[in-house]
Each structure stands twice: as structure tokens, then as C-alpha cells.
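Hi,

Here is the model I said I would pass on. Have a look at it first, and then read my notes below.

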Amino acid sequence: MQDFRLKVFYAAAKNLSFTLAAQELYISQPAVTRHIKILEDEYQVMLFERNGNSLELTYAGKLMLQHVERILHEYHKLEYDMHLLNNVHVGQLRLGASTTISQYVLPPYLAKFIESFPQADISLINGNSRFIEHSLDEHNIDLGLIEGVTRLPMLTYTPFLEDELIILTGSNNSIAKKGKLSVEEFKRLPIVLRERGSGTLDYIEKDLQALNIKFSELNIRMYLGSTEAIKLFMQNSECLCILSKSAVKRELEQGILTHLTVDNLTFKRTFCFVRTQGPQSPLVDRFITFIQQSMSNQKAASN
């Protein structure tokens, strides 16, 4: 039912590329150009400034984008509400989750949600918390799930799960047998951490500051861009690391990694739903409610 030209314009405006818009919509680039030309002729305006291989929205293009975003949102809501009359949930839900959540927390819940709502069009991208927030701000996703401590004013954050970060080392490491470290040992031993911009690093830094421990006091050997990279690195290293307990269950059970404690030093964090302010896709609210209820039922069953 949607005017396909509006979808073409939206894809071109968000990607600032006719080529990427064509790839996203599975049509040819000449077809994208043709649809944009029809819109420009209809309204007697230029929607894009073409500078070589780059595109920029004109004032008219920016104005049209504002309207098209609202129109497409209303189309999605109409589609959802009309199908809901027959108890069928349809629509698009574009999720973005930070690495720990997307790899170790979300998959089982996502599988159940897809099973319950098979006609919903669901996609998931992952990246660090800054990337997910940026993707929301650019309207590339509908809902984010992150663990960052920072809060951007144009986004809304809703906590949904508490998580613990723990200090680890390879089980073959000589210090693994100690089980417990002093604060001075913790600061002296080499450590591998997640990259700048990750929610994990934000929480580590915040909790260290609470004990008046500065990052500059740590013996940081290197930063790595993923939890899996750190886990593999640790199996061949004498370093420490700090990772989510939910991300290392298998390694702890199999004796690959060893949990170490430090006096008075704990790392706690909160996972949050994050979304833009204003109207939301109906599936966003449905997904949030589903995750909250599923986690509540799981917690009740384990007590």
C-alpha cells in the first residue's frame, strides 16, 4: 500500500547514496534515479545536490525527509493495527544491541519472540554502545539495547537487566591459583580491556573512580574490540581482563578462564532499552513488554 517512491527517497536520503539505496531495496540504480526524478518533477524542486559521487540533501530534500519519516511511520502503524484485528502482528522491527547483549543475552529471547510473532520482519545489528546510540539518532534502527553509563538527552533509556562484570585470567596463568588479588596487585598486573566507546569500559571506569583508582594507574596492555577476541587472547596470555559474567559461563564451566576477586572492588552495570523520543513503531512497545515479561517469568521460575 505504501508509495514506493517515498521508500526509495527515504533509502537514498538516509544512505546519501543511490547505489546503497538500490542495494537496500533490491532494485537497480537507474530505477532509484527514475523514482527520485519523478518526485522532483512532481514538486518542482531539487531533492539532492549531486557533487561528483557524493549526495547532499537540499533544503527541499530535508523538508521532504521530515514528512516521509512521519508518513512511513503512520503506514507501519496502520499496517500493524489493521492486522491486529485478526490477532496477527506484522511490521518491521530493526534492533541494535551492544556486543554483550547481542551475543550472550538477547538470542534466546529473540528466538522466542520470532516464534511468537512469525510475521514480523525483524533484523538485528550489533556494535558498541556509542554505535547503537548513533544508529538510533540516524533512524537506522527502531530500538537499541545497550549498557553504557552515558545518557544522551535526545534518547530515552529504560533499564531492563542488572549484570555483573568480573575479573578473569587464563586458568593456566600462575596467578589463577591465588583466587584473590590485592588492589596493588590488580593495578600492577597487565590487563586487557574493551575498546573506547564500549559500555563495558564505561562501567569499569565508573566503578574504579568510586574507589579513587584512575585508568592511568592500571597496567593496560591493550584494548580489543570484542568480548570474543579478549577471551581468545586470554587463553594465550598472562594478562587479566574484565568481562560480563554472562559472557564467560562456558569458559568458567570448562576451566578455560578463572574468576579472580579484589578486595572491595565489584563491577555492576545495568542493561537498558534505548529509543528516540516521540512516536514509536507498535512493535517496539510489544518487543519491550515481551522481553520484560519473559525475564520476569524466568526470574520467578529460578527462585
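I'll start in the helix that kept drawing me back: R286 sits in α11. R286 has a relative accessible area of 26%, so it counts as partly exposed. Its C-alpha lies 17 Å from that of A97, and the two residues are 189 positions apart in sequence. Please keep in mind throughout that this is a predicted model.

Some general bearings before the details. The chain has 303 residues, and 47% of them are buried. Its secondary structure adds up to 11 helices and 12 strands. Along the principal axes, the C-alpha atoms fill a box of roughly 75 × 50 × 30 Å. If you count contacts with a sequence separation of 6 or more, 73% of them join residues 24 or more positions apart.

**The cores**

Back to α11, this time for its nonpolar side. The largest nonpolar core has 23 residues, and the ones that touch the most other members are I101, L106, L145, F160, F287 and I291. Which elements give two or more residues to this core? They are β3 (91-98), α5, β5 (143-146), β12 (267-276) and α11 (282-302). The biggest share comes from α11, which gives 7 residues.

F287 is a good residue to centre your view on. Leaving out neighbours within four places in sequence, F287 is in contact with L93, L95, L106, L110, F113, L143 and L145. F287 has 0% relative accessibility, so it counts as buried. That fits the broad trend: in soluble globular proteins, nonpolar side chains tend to be buried together.

There is another core, apart from the one just described, with 22 residues, including F18, A21, L39 and L72.

**Aromatic pairs**

I went through the aromatic rings too, and the structure holds 8 aromatic pairs. Two of them are worth opening up.

One is F9 with F48, a tilted pair with 5.8 Å from centre to centre and 55° between the planes. F9 belongs to helix α1 (residues 4-15) and F48 to strand β1 (residues 48-51), so to speak a link between distant parts of the chain, 39 residues apart. How accessible is F9? Its relative accessible area is 0%, so F9 is buried. F48 is buried as well, because its relative accessible area is also 0%.

The other is F113 with F287. Here the ring centres are 5.0 Å apart and the planes are at 85°, so this pair is edge-to-face. Since F113 is in helix α5 and F287 in helix α11, the pair ties together parts of the chain that are 174 residues apart in sequence. F113 counts as buried, at 0% relative accessibility. These two rings also belong to one aromatic cluster, formed by F113, F117, F287 and F290.

**Where α5 meets α9**

Helix α5 has another partner you may want to look at. Its axis (residues 99-116) comes within 9 Å of the axis of α9 (residues 227-234), and the two cross at roughly 80°. That crossing makes α5 roughly perpendicular to α9. From α5, the contact is made by T100, Q103 and Y104, and from α9 by T227, E228 and K231. Sorted by class, the contact has 1 nonpolar, 3 polar and 2 charged residues.

**Around β2**

Last stop: strand β2 and the loop that follows. Is T58, in the loop between β2 (54-57) and α4 (59-84), buried or exposed? Its relative accessibility is 11%, and the cut-off for buried is under 20%, so T58 counts as buried. Not counting residues up to four places away in sequence, T58 touches M46, L47, F48 and E49. F48 is the residue from the tilted pair with F9.

S54, in strand β2, is partly exposed, with a relative accessibility of 35%. S54 and L93 are 39 residues apart along the chain, and their C-alpha atoms are separated by 29 Å. L93, for its part, is among the contacts of F287.

If you only have time for one view, I'd pick F287: it is one of the residues that touch the most other members of the largest core, and it is part of the edge-to-face pair with F113.

Cheers

Terms used: Residues numbered from 1 in each chain as written. Predicted model: local features only at pLDDT ≥ 70, side-chain atom pairs only at ≥ 80, totals over all residues. Heavy atoms only, no water. Axes fitted to C-alpha atoms, helices over the stretch in contact; angles between N-to-C directions. Helix = DSSP H or I, 4+ residues; strand = E, 2+ residues; numbered from the N terminus. Parallel < 35°, antiparallel > 145°, perpendicular 65-115°, else oblique. Contact = heavy atoms within 4.5 Å. Nonpolar A, V, L, I, M, F, W, Y, C, P; charged D, E, K, R; others polar. Buried < 20%, exposed > 50% of the residue type's maximum accessible area, 1.4 Å probe, protein only. Core = buried A, V, L, I, M, F, W, Y, C linked by side-chain atoms within 4.5 Å. Phe/Tyr/Trp six-rings, centres within 6.5 Å; stacked < 30°, edge-to-face > 60°.
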